[in-house]
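This report describes selected side-chain interactions, taking aromatic pairs, charged groups and cysteines in turn. The sequence and the structure are shown first.

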Amino acid sequence: MKKHFSFILLALVVMTATAQHTLPLQGNIVKPTDGHIQYVGRISFQNPERPAWNYPGVQINTAFEGTSAKLICKPGSGYFMAQIDEAEPFKVAFRGQRDSVVTLATALPRAQHTVRLMYIIEGYEMRPEFWGFVFDGPVCDAPALPTKNIEFIGNSITCAYGNEDTYEGDHFQYETENHYYSYAQLTARSLDAKAQIVARSGIGVYRHYNGPKTGTPTTSMSTQYDYTIYATDVSLRQPGTLEAERWDFNRFRPDVVCINLGTNDLSTRNYDVKLFRQAYEQLLRQIRGKNPKAKIVLLTGSMLNGKELDVARKTLDEIAENAKKDGDHEVFRFDFTPADGSLKYGADWHPSLWQHQKMAAELTAYLRALMQWF
């Protein structure tokens, strides 16, 4: 990516202000309903003035004429990566109970500028909301989005759990999860594609991490995939709630769907291979039903090894082969190289930033050939 630093040291000032302003916000307040704003990802517009989501990878983009930009979100929404024009992306945070405004840029040359945002953590606890922008000039049309579409369905690996940590003995912290540098987003940017993410740490195909051998059907991906918002408890799906909103699959039609699940199902020894296979086959049918024209790639890696890796590979090979026998010739298989520590680990033995880069390089090459995206 080309980077321009001629004004960036002066232009980018990352700071958090509070919601209790002594004076009203000065400038052009751009509401979330403004047609110049682009959205990518599973976002609920039940309240169009306050779009909500909780999966990582949601993108909010626009452009403006002027010299400064501010972002308004619900206090406690969490972390974003922001990029002004083609400058180096930087992290901004909404963590305090009163923090609702972040300055993204100031002292820019008076000209047209782009603003790109990506939500980079799992938001099911923080329940983030976007409330708008403040510019010192008029809002403009954002640059056109890529036309290629990839959907990534996964667990903590896809979320980028702990990828900014460098010690495997550390545990989860929001500060060290940065989905912007996940293999999924790195791959999408390399292929000039939009990415939609349906991923949550701990989730499985038939049971969540260390769940009972019989499975945890109320928390499996099958119970989540059809909905806009991830629900930590299916009882939250009461009529009228965000968790009850079914996703409109016409809003994002992937050219290819990459499924990276199974690590949690097989990560502790009390798993049932038959139940795992049955649940995966059911999930594949569910995904195919919603995406009839997409290629679907079944992934393994990069955290499994030994017997469990063999089980995962054998099971997914058989599922893909059976799909072809049943007439679906657009189901494929791909294995990441298992992590061996040579690229270090992130928190709780998860892939490091360097491991994500390796995974992205492997998957980019595979998808480029599969999709003929040259």
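## Aromatic side chains

Tyr174 has a relative accessibility of 11% and counts as buried, since the limit for that class is under 20%. The model discussed here is a predicted one. Phe172, by contrast, reaches 29% relative accessibility and is classed as partly exposed. In the whole structure, a search finds 21 aromatic pairs. Phe133 and Phe135 make up one of them, a stacked pair with 5.3 Å from centre to centre and 15° between the planes. Phe133 is buried, at a relative accessible area of 0%, and Phe135 is likewise buried, at 1%. Phe172 and Tyr174 pair in another way: their ring centres are 5.0 Å apart and the planes stand at 80°, so this pair is edge-to-face. The edge-to-face label follows because planes over 60 degrees apart are placed in that class.

Phe133 and Phe135 also belong to an aromatic cluster, which joins them with Tyr39, Phe45, Phe64 and Phe130.

Two aromatic rings have a charged side chain over them. The charged end of Arg200 is placed over the ring of Tyr124, at 3.9 Å from the ring centre. Over the face of Tyr79 lies Lys91, 5.4 Å from the centre of that ring.

## The surroundings of Arg207

Where along the chain is Arg207 placed? Arg207 belongs to the loop between β13 (193–199) and α4 (221–224). Is Arg207 buried or exposed? Its relative accessible area is 0%, so Arg207 is buried.

The side chain of Arg207 has polar atoms close to backbone oxygens. One such atom is 2.5 Å from the backbone oxygen of Gly211. The backbone oxygen of Asp265 is 2.8 Å from a polar atom of the Arg207 side chain. Both distances fall within the 3.5 Å limit for a polar contact.

Leaving aside residues up to four places away in sequence, Arg207 touches Pro212, Gly215, Thr216, Asn264, Asp265, Thr268, Asn270 and Tyr271. Asp265 therefore appears both in this set of contacts and as the owner of a backbone oxygen 2.8 Å from the arginine side chain. In addition, the C-alpha atom of Arg207 is separated by 6.7 Å from that of Pro217, although their positions lie ten residues apart along the chain.

## Salt bridges

The count of salt bridges comes to 15. Three of them are set out below with their nitrogen-to-oxygen distances.

| Salt bridge | Distance, N to O |
|---|---|
| Arg269 and Glu308 | 3.3 Å |
| Glu330 and Lys295 | 2.6 Å |
| Asp335 and Arg313 | 3.7 Å |

The side chains of Arg269 and Glu308 meet in a salt bridge. This pair links distant parts of the chain, 39 residues apart: Arg269 is in the loop between α5 (263–266) and α6 (273–290), and Glu308 is in helix α7 (residues 306–325). Arg269 is exposed, with a relative accessible area of 66%, whereas Glu308 is buried at 7% relative accessibility.

A salt bridge also joins Glu330 and Lys295. Here the linked parts are 35 residues apart, with Glu330 in the loop between α7 and β16 (331–335) and Lys295 in strand β15 (residues 295–300). Glu330 is partly exposed, at a relative accessible area of 30%.

In the salt bridge of Asp335 with Arg313, the side chains meet at 3.7 Å, N to O. Asp335 is part of strand β16 and Arg313 part of helix α7, so this salt bridge ties together parts 22 residues apart in sequence. Both residues are partly exposed: Asp335 has 30% relative accessibility, and Arg313 has a relative accessible area of 26%. Arg313 and Asp335 are members of one network with Asp317 and Arg333, joined by salt bridges that share partners.

## Cysteines

How many disulfides are counted? The count comes to zero. Why does Cys159 form no such bond? The closest cysteine sulfur to that of Cys159 belongs to Cys258 and is 15 Å away, too far for a bond, because a disulfide requires sulfur atoms within 2.5 Å. Cys159 is buried, at 0% relative accessibility. Cys140 also counts as buried, with a relative accessibility of 10%.

Methods. Residues are numbered from 1 along each chain as its sequence is written. This is a predicted model: local features need pLDDT of at least 70, side-chain atom pairs count only at pLDDT 80 or more; totals for chains, interfaces and linings use all residues. Side-chain values use heavy atoms; hydrogens and water are left out. Helices (H or I, at least four residues) and strands (E, at least two) are DSSP runs, numbered from the N terminus. Buried means under 20% relative accessible area, exposed over 50%, partly exposed in between (1.4 Å probe, protein chains only). Contact means heavy atoms within 4.5 Å. A polar contact is a pair of N or O atoms within 3.5 Å; within protein, one must be able to donate a hydrogen and the other to accept it, and residues adjacent in sequence count only if both atoms are side-chain atoms. Rings of Phe, Tyr and Trp (its six-membered ring) pair if their centres lie within 6.5 Å; planes under 30 degrees apart count as stacked, over 60 as edge-to-face and the rest as tilted. A charge sits over a ring if NZ of Lys or CZ of Arg is within 6 Å of the ring centre and within 35 degrees of the ring normal. A salt bridge is a side-chain nitrogen of Lys or Arg within 4 Å of a carboxyl oxygen of Asp or Glu.
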